[in-house]
Amino acid sequence: MLRVLAGVLPDMPSVVVLDELPWISEQDPTFDGHLQVAWDRLISSRPVLMLLLGSDLHIMQRFTEYDRPFYCRATNMVLGPFNLAETAAVTGLSGADAIDAHLITGGLPGIALEWSPGTPPVDFLSQEISNKTSALFTVPEQSLASEFPAPDTARRILEAVGGAGSRTFSNIAAAAGDRGGPVSSGTLSPLLHRLVEEKQILAVDKPLSTKPSKLAQYRIADSNLRLYLAIMRDVHQLVLRDRSAAARAILDSRWSSWRGNAVEPIIRDALAISAGAGVLPWADAWEVGGWWNRQSNPEIDLVGADRAPIASRIAFAGSIEWQDGPFDRHHLDELRRHAPLIPGFQPGTSGLVVVSRSGADLPDGAVDLVWGPDDILQAWSA
């Protein structure tokens, strides 16, 4: 095939795309060696740009490593999804609606480009769940099928994190287990490492403070896949059975709570971006995470620090209120009571931050920074 390709390349500049490279490599482990020979002897002298595509990041990165035949013959580029500002531009939305659109689509062009500009998120969801073949269902389904063609323990772990909402090691082990009991630590640890480091399907969050911690919480990295496993998979099953009313009821009952948790990584990234740009009062708060103890009581939504996961200085602590209704004095009292529990937080020196979907009903000067949806979007736009 490669020799035939070299023979039909024109004298004028051309582009050749080889898609699903990980699949090709699995069928023939010597493929990269054949490609190296064909490239060196037949193809590289022609005016051609060759694009090698694949969604398995580990295999794609491995393809050009030092001990592989194609070493130094290609440049790696990770093509990520749209960021929040780009999703806002594509969907024609702003503020809280743009953030909702980004959570729904995950920034994936295959879904975002289906969005009629200016359509409110509630209307988009209502339209899409009435379509049995909507990209909202098919894109995450295809992603799961390509990454996990045969359901196995790794697939059960992913579904435990995304569907059952199990985020800690012990809860994941229990939820992903079978009749034989929870998944053993010896099995679960390497699988979690693979899903986080190699597949990059899971992300891991660790408490951010001035003291080391062994605690960790896992989440689905892609918000669209996270939405599918938590809500849309069940909605789709009902839609396929023509039970649209029940499907809408599930979406309505789960959406607000899911959105409140799923928005946290976007807000943390926006604060970190703004700190790096010198927009926040704390110029060295380059890392923004959360903090919790072993009992997860309390859980602090926002912690800004100079480095992670072990900081030398805590710049601020904060709370996210993404439900209907403003951030009020009750929420503020809770934040003031819990923030000093963070190792390294210094009352009177470390700041307080509030991020709210519906604004804040607080006295002037009660906190150091109040952000709303427009501020989050502006951070990404800048």
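The accessible surface of the protein comes to about 19100 Å². Carbon and sulfur atoms account for 50% of that area. The model analysed here is predicted. Of the 382 residues in the protein, 47% are buried. The side chains include 32 positive and 45 negative groups. The centres of these two sets lie 6 Å apart.

The secondary structure consists of 17 helices and 9 strands. The radius of gyration is 24 Å, close to the 21 Å given by the globule rule for 382 residues, so the protein is as compact as a globular protein of that length. Along the principal axes, the C-alpha atoms fill a box of roughly 75 × 55 × 50 Å. Contacts across the sequence were also examined. Among contacts between residues at least 6 apart in sequence, 60% join residues at least 24 apart.

The nonpolar interior was considered next. The largest nonpolar core has 76 residues. Met232, Val235, Leu271, Phe316, Val355 and Ile376 have the most contacts inside this core. Helix H13, which spans residues 223-240, supplies the largest share of the core, at 10 residues. A second core is separate and has 19 residues. Its members include Ile300, Val303, Leu335 and Phe345.

Isoleucine 376 illustrates the packing of the largest core. Neighbours within four places in sequence are left aside here. The remaining contacts of isoleucine 376 are Leu84, Ile99, Ile266, Ile267, Ala270, Trp322, Val355 and Trp371. Val355 is thus a contact of isoleucine 376, and Val355 is itself listed among the residues with the most contacts inside the core.

Backbone geometry was then examined. Most peptide bonds are trans, and most residues other than glycine have a negative phi. Two cis peptide bonds are described here, each preceding a proline. One joins asparagine 297 and proline 298, with omega of about 10°. Proline 298 is found in the loop between strand E5 (287-292) and strand E6 (299-305). The other cis bond joins alanine 308 and proline 309, with omega of about 0°. Proline 309 is placed in the loop between E6 and strand E7 (314-321). Strand E6 therefore borders both loops, because strands are numbered as runs from the N terminus and E6 follows E5 and precedes E7.

Positive phi values occur at two residues other than glycine that are described here. Cysteine 72 has a phi of about 65°. This residue is found in the loop between helix H4 (57-62) and helix H5 (84-91). Cysteine 72 is exposed, with a relative accessible area of 63%. Aspartate 242 has a phi near 60°. Its place is in the loop between H13 and helix H14 (244-262). Aspartate 242 is exposed, with a relative accessible area of 58%. Helix H13 thus borders the loop that holds aspartate 242, and H13 also contributes 10 residues to the largest core.

Serine 14 offers a contrast in exposure. This residue lies in strand E1, which covers residues 14-18. Serine 14 has a relative accessible area of 17% and counts as buried, because the cut-off for buried is under 20%. Residues up to four places away in sequence are not counted among its contacts. On that basis, serine 14 touches Leu9, Pro47, Val48 and Leu49.

Notes
Residues numbered from 1 in each chain as written. Predicted model: local features only at pLDDT ≥ 70, side-chain atom pairs only at ≥ 80, totals over all residues. Heavy atoms only, no water. Helix = DSSP H or I, 4+ residues; strand = E, 2+ residues; numbered from the N terminus. Rg over C-alpha atoms; globule rule 2.2 N^0.38 Å. Buried < 20%, exposed > 50% of the residue type's maximum accessible area, 1.4 Å probe, protein only. Contact = heavy atoms within 4.5 Å. Areas by Shrake-Rupley, 256 points an atom, 1.4 Å probe, with all protein chains shown as cover. Lys, Arg positive; Asp, Glu negative; His and termini not counted. Charge placed at Lys NZ, Arg CZ, Asp CG, Glu CD. Core = buried A, V, L, I, M, F, W, Y, C linked by side-chain atoms within 4.5 Å.
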